[in-house]
Number of protein chains: 2
Amino acid sequence: MAQNTAIKVNETSRSAVGRDGVLDIAARLFREQGYGSVSLRKIAEAAGIKAGSIYYHFGSKDEIVAAVLDAGIRVVHENMRDAVTDLRADADGETVLRAAIRAHLRALIDVSDYTSANVRIFGQVPQSVRDANLPTRRAYEAEWDSLLSQLKKDGTLKQDVDIRRLRLMLIGTLNATLDWFDPDRGSADALSRTYADVFLNGILQRQDT
Amino acid sequence: MAQNTAIKVNETSRSAVGRDGVLDIAARLFREQGYGSVSLRKIAEAAGIKAGSIYYHFGSKDEIVAAVLDAGIRVVHENMRDAVTDLRADADGETVLRAAIRAHLRALIDVSDYTSANVRIFGQVPQSVRDANLPTRRAYEAEWDSLLSQLKKDGTLKQDVDIRRLRLMLIGTLNATLDWFDPDRGSADALSRTYADVFLNGILQRQDT
DNA sequence: ACACCTAACTAACGCCTGTTAGGGTAATAA
DNA sequence: TTATTACCCTAACAGGCGTTAGTTAGGTGT
């Protein structure tokens with residue numbers, strides 16, 4: 001019979017993918033194909049179950065995509081905050097900013113289908129789902145604003161930078177990476193270094209030195 | 001023959017929106033709602049005709065969206081090239097780059113539903129449609145690479161910048177603006193100045209001077 | 001042995017989709 | 001006048017969608 005799959009997962013029932021399994025697969029498909037192209041039947045098939053069975057775990061497609069979006073922000077938020085707090089207490093401003101940029105980019109590219117799915121499909125989901133995701137987003141944005149404000153206060157950044165604009169520009173730039181990044185052409189870490197170099201020092205050849 | 005025909009049709013025919021009218025409306029709807037949410041019936045209704053009638057002008061939905069994507073790149077390409085060639089011949093490198101950034105951002109925000117639709121929906125359309133748009137994109141990318149290479153050669157830019165990466169970063173940053181830009185909070189021109197300031201000089205407070 | 005819970009199944013519902021075939025009508029060209 | 005062209009309409013098709021109701025099988029606790 002079909003018991004070969006049963007032995008693989010022995011802690012729970014024979015092949016149960018469960019709520020988390022469905023969510024993982026949904027996040028991957030959303031990241032790969034966008035929101036509109038991923039039907040519940042596609043998710044179900046990838047999970048090895050039937051479409052109707054999804055409704056045991058979720059009340060609607062919106063509920064699935066909302067869960068994916070929220071998890072996406074939470075992951076990148078935790079990654080970014082941990083990367084900053086893990087630094088030595090005497091780390092200078094530049095080091096802190098570089099760590100934050102690196103953590104965001106890694107969450108996008110290396111760590112999480114949830115985070116990359118969030119960036120890719122946020123603009124495609126129904127308004128109500130976007131709205132439900134807003135509080136989580138706002139919390140992450142506040143983390144960045146707090147960090148950037150600190151860097152401005154301690155003199156690391158120029159005094160005329162607009163925190164909100166800078167944050168939108170930074171995150172926008174990092175997120176845009178998803179549209180073209182190819183791991184065969186370079187690592188996420190190397191790219192994050194390039195990003196930081198440009199943002200911190202600019203691309204203009206300087207007369208001084 | 002064909003000339004007064006065109007005039008009379010425009011003035012007297014009862015409702016004829018024509019191919020261009022359908023395309024304009026499609027571009028606007030794609031920009032506002034994304035690819036998947038815009039059906040042929042929605043486009044038809046906004047144009048004041050019935051869904052089946054669209055097939056008089058276009059062979060398929062893919063053909064419509066492909067036309068929108070191509071026009072979007074062509075517009076921003078022309079805008080950017082014109083902005084650069086309109087400069088005085090003795091304009092310095094920094095001025096040229098600022099003009100190019102400004103032109104791209106204006107095409108995105110102020111000028112064309114086609115360009116903003118392109119940026120918004122490119123990642124949502126079928127692979128075949130994306131592929132059809134690639135040559136047009138490549139031509140625009142080549143325009144940027146040529147400009148940036150020139151700036152590197154004449155010493156405006158640092159000698160260690162990677163042209164391709166810089167171009168991807170620049171266009172990615174500019175395009176990401178669409179996700180949050182609100183004309184009530186500032187003009188596209190003012191924003192393009194901020195962008196140029198950051199890219200050219202960085203955000204770090206400098207010790208010198 | 002019993003009931004209970006979990007996690008799946010089947011089958012269908014109404015709706016929307018892109019697309020097609022065939023028909024109509026007003027304006028122009030011969 | 002007649003023929004032609006440009007533009008749009010109606011009506012339907014097959015297929016995919018999210019969703020629901022009712023059912024079934026295995027694991028667990030008593």
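The legends below describe close-up views of a predicted model, covering the surroundings of DNA strand D and the contact of chain A with chain B.

**View 1. Residues of both chains surround DNA strand D.** In this predicted model, 17 residues surround the strand, and the closest are Tyr55(A) and Lys61(A) together with Lys50(B), Tyr56(B) and His57(B). Helix 2 (40–47) of chain A and helix 4 (54–57) of chain B each supply at least two residues of this surface, whose residues divide by class into seven nonpolar, six polar and four charged.

**View 2. Side chains approach phosphate and base atoms of DNA strand D.** Of the strand's atoms within 4 Å of the protein, 60% belong to sugar or phosphate, while the rest belong to bases. A polar side-chain atom of Ser53(B) lies 2.8 Å from a phosphate oxygen of the strand, and an N or O atom in the side chain of Ser39(A) is 3.0 Å from a phosphate oxygen. For Arg41(B), an N or O atom of the side chain is instead 3.5 Å from a base nitrogen.

**View 3. Chain A meets chain B.** The contact takes 35 residues from chain A and 35 residues from chain B, and the two chains bury about 3,700 Å² between them, 59% of it on carbon and sulfur atoms. In chain A, the residues that lose the most area to chain B are Arg165(A), Ile203(A) and Leu204(A), together 21% of what that side buries.

**View 4. Polar contacts cross the interface of chain A and chain B.** Across this interface there are 17 residue pairs in polar contact, whereas the count of salt bridges is zero.

Note on methods:
Residues are numbered from 1 along each chain as its sequence is written. Chains are lettered from A and ligands numbered from 1 in the order in which they are written. This is a predicted model: local features need pLDDT of at least 70, side-chain atom pairs count only at pLDDT 80 or more; totals for chains, interfaces and linings use all residues. Side-chain values use heavy atoms; hydrogens and water are left out. A residue is near a molecule or strand if one of its heavy atoms lies within 4 Å of it. A polar contact is a pair of N or O atoms within 3.5 Å; within protein, one must be able to donate a hydrogen and the other to accept it, and residues adjacent in sequence count only if both atoms are side-chain atoms. Helices (H or I, at least four residues) and strands (E, at least two) are DSSP runs, numbered from the N terminus. Ala, Val, Leu, Ile, Met, Phe, Trp, Tyr, Cys and Pro count as nonpolar, Asp, Glu, Lys and Arg as charged, and the others, Gly among them, as polar. Contact means heavy atoms within 4.5 Å. Buried area is the accessible area (1.4 Å probe) that two parts lose on being put together, summed over both. A salt bridge is a side-chain nitrogen of Lys or Arg within 4 Å of a carboxyl oxygen of Asp or Glu.
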